[in-house]
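Q: Could you take me through this structure? I should like to begin with the overall layout and then turn to particular residues.

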Amino acid sequence: MKAKAVYAAIAALALTTGIAQGADKSAALDLIRRECSTCHGARGVSVSPMFPNLAGQQPGYLEAQLKAFRDRSRADPHAQAFMWGMAAQLTDSVISDIAAFFASQPPAPGTAAEAAEGRKIFEEGIATQHVPACQSCHGLKAVGAGPFPRLAGQHRSYLERQLEAFAANLRANEIMHENSKNLTALQISQVAAFLSSQ
C-alpha cells in the first residue's frame, strides 16, 4: 500500500514538474512573440541595425546578457533604454528558454561587403597597438563559443556602436575595453564591415 502511495507521489511530482517546465517554455515563447520580436524579429533577425541579431547566437552569451539586463549590471545607454525594463521580471528558467530558442534559429546571412583590413585585424590583431586577434576568443569564423558571442552576420552599425562603447568603457567589460581602447574609428569600422559580411 505504501509503495503505491510513493509511486503516486512521484508520478504527481513528475507531472507537476513537467507542467511547470512546459509553462516556462510557453511563457518564453509568448514573451518572444509579444516583446522580443518587436525589435529583434520573430526568429531573432532584426530589420534595424539599432538592435542586434540574436539568431544563432551562443546560448550562454544570451543568458549572461539577459541576466545582466535583469540585475542592471549591463549599463550601457541602449541597455538602460530598451532592456532593463523588459528583463526585470525574467526568471532564470525563462531566460534559459529564450536563449535556447534564439540559439536554435538559423543565423542572419552576412552581406557582401569588402573588408580586407577588417579581416586582417580580426585574424591577426594589431601588435603595434596592443590589439589581439578577435578570433582568439570569437572563433575562426566569428561564430562565438560559450560566453563569447557570435559576431558573424551582425549588423555593421550595431557592431561599431558596441566596440565604441567598450572602448569608452560605457559598456563594462574589462577584456573588451582593453582589446578595443586602442582601435581607431576607421579600424572599428573595418572590423565591423568584415564581421557583418560573414
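A: The overall layout comes first below, followed by one helix, a loop residue, the cysteines and a glutamate.

Q: Is this an experimental or a predicted model, and what secondary structure does the chain have?
A: This is a predicted model. The chain has nine helices and zero strands, so in sequence order the pattern reads α-α-α-α-α-α-α-α-α.

Q: How much of the chain is buried?
A: Of its 198 residues, 40% count as buried. The accessible surface amounts to about 11000 Å², and carbon and sulfur atoms contribute 62% of that.

Q: And what share of the contacts comes from residues 24 or more positions apart?
A: Among contacts in the chain with a separation of 6 or more, 67% are between residues 24 or more positions apart.

Q: Let us turn to H2. What span should it have, and what does the model give?
A: Helix H2 covers residues 59-70, which is twelve residues. At 1.5 Å a residue the expected span is 16 Å, and the end C-alpha atoms are 16 Å apart, so the two agree.

Q: Which residues of H2 are buried?
A: Tyr 61, Leu 62, Gln 65, Leu 66, Ala 68 and Phe 69 are buried in H2. Viewed down the axis of H2, the buried residues fall within an arc of 160°, and therefore they line one face of the helix.

Q: Why would residues three or four places apart point the same way?
A: An α-helix has 3.6 residues a turn, so residues at that spacing point the same way.

Q: What covers the buried residues of H2?
A: The cover includes helix H3 (77-87) and helix H4 (92-103).

Q: What is the phi of Arg 72, just after H2?
A: Arg 72 takes a positive phi there, of about 65°.

Q: New topic: where does Gln 105 lie, and is Gln 105 buried or exposed?
A: Gln 105 is in the loop between H4 and helix H5 (116-124). Its relative accessible area is 11%, below the 20% cut-off, so Gln 105 counts as buried.

Q: Which side chains make polar contacts with that of Gln 105?
A: The side chain of Gln 105 has a polar contact of 3.4 Å with that of Arg 43, and another of 3.2 Å with that of Ser 104.

Q: What is Gln 105 in contact with beyond its neighbours in sequence?
A: Leaving aside residues within four places in sequence, Gln 105 is in contact with Arg 43, Ala 55 and Gly 56.

Q: On to the cysteines. How many disulfides are there?
A: The count is zero disulfides. For Cys 36, the nearest cysteine sulfur is that of Cys 39, 8.9 Å away. Cys 36 is buried, with a relative accessible area of 17%.

Q: Why is the sulfur of Cys 137 not in a bond with that of Cys 134?
A: The sulfur of Cys 134 is the closest cysteine sulfur to that of Cys 137, but they are 8.9 Å apart, which is too far for a bond. Cys 137 is partly exposed, at 28% relative accessible area.

Q: Lastly, where is Glu 123, and what does Glu 123 touch?
A: Glu 123 is located in helix H5. With residues up to four places away in sequence not counted, Glu 123 touches Ala 133 and Gln 135. The C-alpha atoms of Glu 123 and Ala 133 are separated by 5.2 Å, although these residues are ten apart along the chain.

Q: How accessible is Glu 123?
A: Glu 123 counts as partly exposed, at 30% relative accessibility.

Conventions. Residues numbered from 1 in each chain as written. Predicted model: local features only at pLDDT ≥ 70, side-chain atom pairs only at ≥ 80, totals over all residues. Heavy atoms only, no water. Helix = DSSP H or I, 4+ residues; strand = E, 2+ residues; numbered from the N terminus. Expected span 1.5 Å × (residues − 1). Buried < 20%, exposed > 50% of the residue type's maximum accessible area, 1.4 Å probe, protein only. Arc of directions from axis to C-beta. Contact = heavy atoms within 4.5 Å. Polar contact = N/O pair within 3.5 Å; in protein donor to acceptor, adjacent residues only side chain to side chain. Areas by Shrake-Rupley, 256 points an atom, 1.4 Å probe, with all protein chains shown as cover. Disulfide = S-S within 2.5 Å.
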